[in-house]
Amino acid sequence: MADENVISVRDSEVKSELVSEASPAVTGDGYEVIHEKSPVFYDLYERKSELKHQTHYCPGCGHGVAHKLIAEALQELGLQDKTIFVSPVGCSVFAYYYFDVGNVQVAHGRAPASATGIKRSCPDKIVISYQGDGDLAAIGTAEIVHAANRGEKITVFFVNNAIYGMTGGQMAPTTLVGQKSTTSPFGRRPSNEGFPLHMAELLATLEAPAYIERVALSDNKNIMKARRAIRKALETQRDGAGFSFVEILSPCPTIWGKDPVEARRWVLDKMIPTFPLNVFRDRKPEIPGGNEPPQRSVADVLELTAKDDADRAPKSKHVHHFKDIKIKIAGFGGQGVLLLGQLLIEMGMREQLEVSWLPSYGPEMRSGSAHCHVCLSKERIGSPLVAHSDVLVAMNEFSLRKFAHEVVSGGLILYNGASVPADFAAPGVQVVAIPAAEIADKLGSAKAANIVMMGALLEETECLASGTALSVLEDKVKKLDLLEIDRQALSAGRLFIDDQAHIGAVSQPDGFA
Ligand SMILES: Cc1ncc(C[n+]2csc(CCOP(=O)(O)OP(=O)(O)O)c2C)c(N)n1
Ligand code: SF4
C-alpha cells in the first residue's frame, strides 16, 4: 500500500460496513481503495514529530487493530461526541493521542474504577475502559471484578496479549502454560505460577454483567467477529443494558519475538485453544431496585444552591493586586492548618479566582505535622504544588524552620508566636510574629488561632476581601458561639497587623503584588 492509511477491500458491502462515510473509492483490479481513516481518530497524531501519521505501536501489534475497530464502531454508531475513553498504563497508555474523544489516562489497573466515577457522574456519556492483561488481570483484578459485579454501565475492552508488553515481557496472569517470559524463563509452570486466568469466564460467573464475549485478532474472519463484538458492547452501553466486556486476544510480535504474520498465527494456534472464543453473556440483567438514595447535584451537595446568590457574598469587587499568589500553611494536626487553606480557597472561589488546595499530612490525626498548598490565581492553575511560596503561614516553630527557605525573595512569613526565634533568619523575606494562639485563647478558644492568622494574612496581603472571609465563616461555622469567636479572631488578626504597621514593624498594607 502506498499510504499507511489506505484500506483495500474486494467486497464493497464489507467496505461500506467498514467505513460508512468513506470518501469515493478508487477502483483498480477489482479492489476499492479507501483513503480516509475514521474521523474518530485525530488527523495527525502529535505523539512524536516524526510519527505524525503513525501510532507508536510496533508493526503487527493488536492494539492498532483494536483501536481501529473501536473508532469505526463509534463512528458508525454516531457516538464520538459522547465518548470518554479511559486509557490504562501499558503499551496503550497513549491512546489519547489517537482517539478524538474525551480522554482520561489513569493509574495502572484503576481504569474500571475511574470509568465508574465518570459514568455515574455523566450517565449520558459512553465510557470506555481500555486495558491490557497486566493492567486488568494483575494489578487491577479487584477493580474489574467489582465494577462488573456492580453492573456498572461501562464498556471494557480487554486486550489480552498474554504478556506485559510495555515493561519488556514479564509474565502476565494470562501467560500460557509453558510460555516463556522474562519472569518465567523456563516457561510458565502451573505448579509454581498457577494457571492462566480466564477473565471472560470469571466475570461471567457474576450476575450483573450484560454482555461478555471473547474474540481474537488472529485472522480476517476473527477480526470481523471482533468488530461485531466491539460494536455490540458499545450498543449495550448505549441502550443502558449494563456492563459490557470484550476480551480481545491480540498479537504482541515484539515481545513474543515473532514477525507480525507468525504472531497472528500464534494467536490462532496457541491462544485460542487456551482461551476459547465465545459469547459468555448476552442478556439484560434483572437488577432489583432498592431504596435509592436521592440524587443530588454537586452544587446542591456543596450547598451552593442553598442560598440565593444575593444572600451570599456579594460578587467580588475586591481588586486583586496579583496574577497569582502561592501560600503554604504549616503546623501540626489540630491547629486548623488544612481548614485555613480550605477557607481561603472557598473565599477565592467566591471572588471568581482560580483556586487549588493540596493537603499533606501524616497518619496522626492530632499533633502530627500537617501542611497545605494554596494557590489563588487569575489564570488557570497548572499545578497545585507550591514549591516556592509567596506567603508562609507557620503555625509553629518547626514549620517556620522547615519551610522558610522555600519562601521567595520579597515574600512574607506570618509566624504564630510572640516573637521570632532569636537565631532565625530569612534574608529578603518579611517575617511577622503574631501571638495568634494567645489572642485566640483570650477570646475563648485556642482553636481560633488559625482565624487570627487568617485576619493577619488578609490585612497584610490584601489578597482577599475581609467581607468574603466573614461570609465564608458564616456559611461554614455552624455553632453560633464559635462563629462569634471566629469573627472576633478575624478582626483581632487584622488589628494586630494594623498596630504593627503603626509602629513600623510591618510595611503599610497596600496589597501584595
Ligand atoms: C503501580 C504500577 N505498577 C507497575 C507499573 C509498571 N507497569 C507499567 S505497564 C505494566 C504492564 C503492562 O502490561 P499490559 O497491561 O499487559 O499491557 P501491554 O503493555 O501488554 O499492552 C507494568 C507492570 C506501573 N506503571 N505502575
Ligand atoms: S510491545 Fe507488544 S503490545 Fe506493546 S506495542 Fe509492541 S507489539 Fe504492541
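A residue counts as buried when its relative accessible area is under 20%. In this predicted model, Phe 245 has a value of 0%, so Phe 245 is buried. Phe 243 also comes out as buried, again with a relative accessibility of 0%.

These two residues turn up together in the tally of aromatic pairs, which comes to 12. One of the pairs joins Phe 94 and Tyr 97: the ring centres are 5.5 Å apart and the planes meet at 70°, which is over the 60 degrees needed, so this pair is edge-to-face. Tyr 97 is not tucked away like the two Phe residues just described; with a relative accessible area of 23%, Tyr 97 is partly exposed. Phe 243 and Phe 245 make a stacked pair instead, with 6.3 Å from centre to centre and just 20° between the planes. Rings can also join up in a bigger group: ring pairs tie Phe 41, Tyr 45, Tyr 57, Phe 85, Tyr 98, Phe 99 and Tyr 130 into a cluster.

Charges get involved with some of these rings too. The charged end of Lys 37 sits over the ring of Tyr 45, at 3.9 Å from the ring centre. Likewise, the charged end of Arg 47 is found over the ring of Phe 94, and here the distance to the centre is 3.8 Å.

Next comes strand S8, made of residues 211-216, where six of the six residues are buried. In a regular strand, side chains alternate between the two faces of the sheet. In S8, Tyr 211, Glu 213 and Val 215 point one way, while Ile 212, Arg 214 and Ala 216 point the other way. What does S8 pair with in the parallel sense? The partner is strand S9 (residues 244-249), and the pairing runs over six bridges. Within that pairing, Glu 213 stands opposite Val 246 of S9. To get from S8 to S9, the chain passes through helix H8 (residues 220-238), giving a right-handed β-α-β crossover. S8 also pairs with strand S10 (residues 278-282), this time in the antiparallel sense and over four bridges. There, Ile 212 faces Arg 281 of S10.

Finally, there is the shell around ligand 2. Its members are Tyr 57, Cys 58, Cys 61, His 63, Cys 91, Asn 161, Cys 252, Pro 253, Thr 254 and Ile 255. By type, the shell splits into seven nonpolar residues, three polar ones and no charged ones. Helix H9 (residues 253-256) supplies the most, with three residues. Tyr 57 of this shell is also a member of the ring cluster.

Notes: Residues are numbered from 1 along each chain as its sequence is written. Chains are lettered from A and ligands numbered from 1 in the order in which they are written. This is a predicted model: local features need pLDDT of at least 70, side-chain atom pairs count only at pLDDT 80 or more; totals for chains, interfaces and linings use all residues. Side-chain values use heavy atoms; hydrogens and water are left out. A residue is near a molecule or strand if one of its heavy atoms lies within 4 Å of it. Helices (H or I, at least four residues) and strands (E, at least two) are DSSP runs, numbered from the N terminus. Ala, Val, Leu, Ile, Met, Phe, Trp, Tyr, Cys and Pro count as nonpolar, Asp, Glu, Lys and Arg as charged, and the others, Gly among them, as polar. Rings of Phe, Tyr and Trp (its six-membered ring) pair if their centres lie within 6.5 Å; planes under 30 degrees apart count as stacked, over 60 as edge-to-face and the rest as tilted. Buried means under 20% relative accessible area, exposed over 50%, partly exposed in between (1.4 Å probe, protein chains only). A charge sits over a ring if NZ of Lys or CZ of Arg is within 6 Å of the ring centre and within 35 degrees of the ring normal. Two strands pair if DSSP finds at least two bridges between them. A crossover is right-handed if, with the strands pointing away from the viewer, the path from the first strand over the helix to the second runs clockwise.
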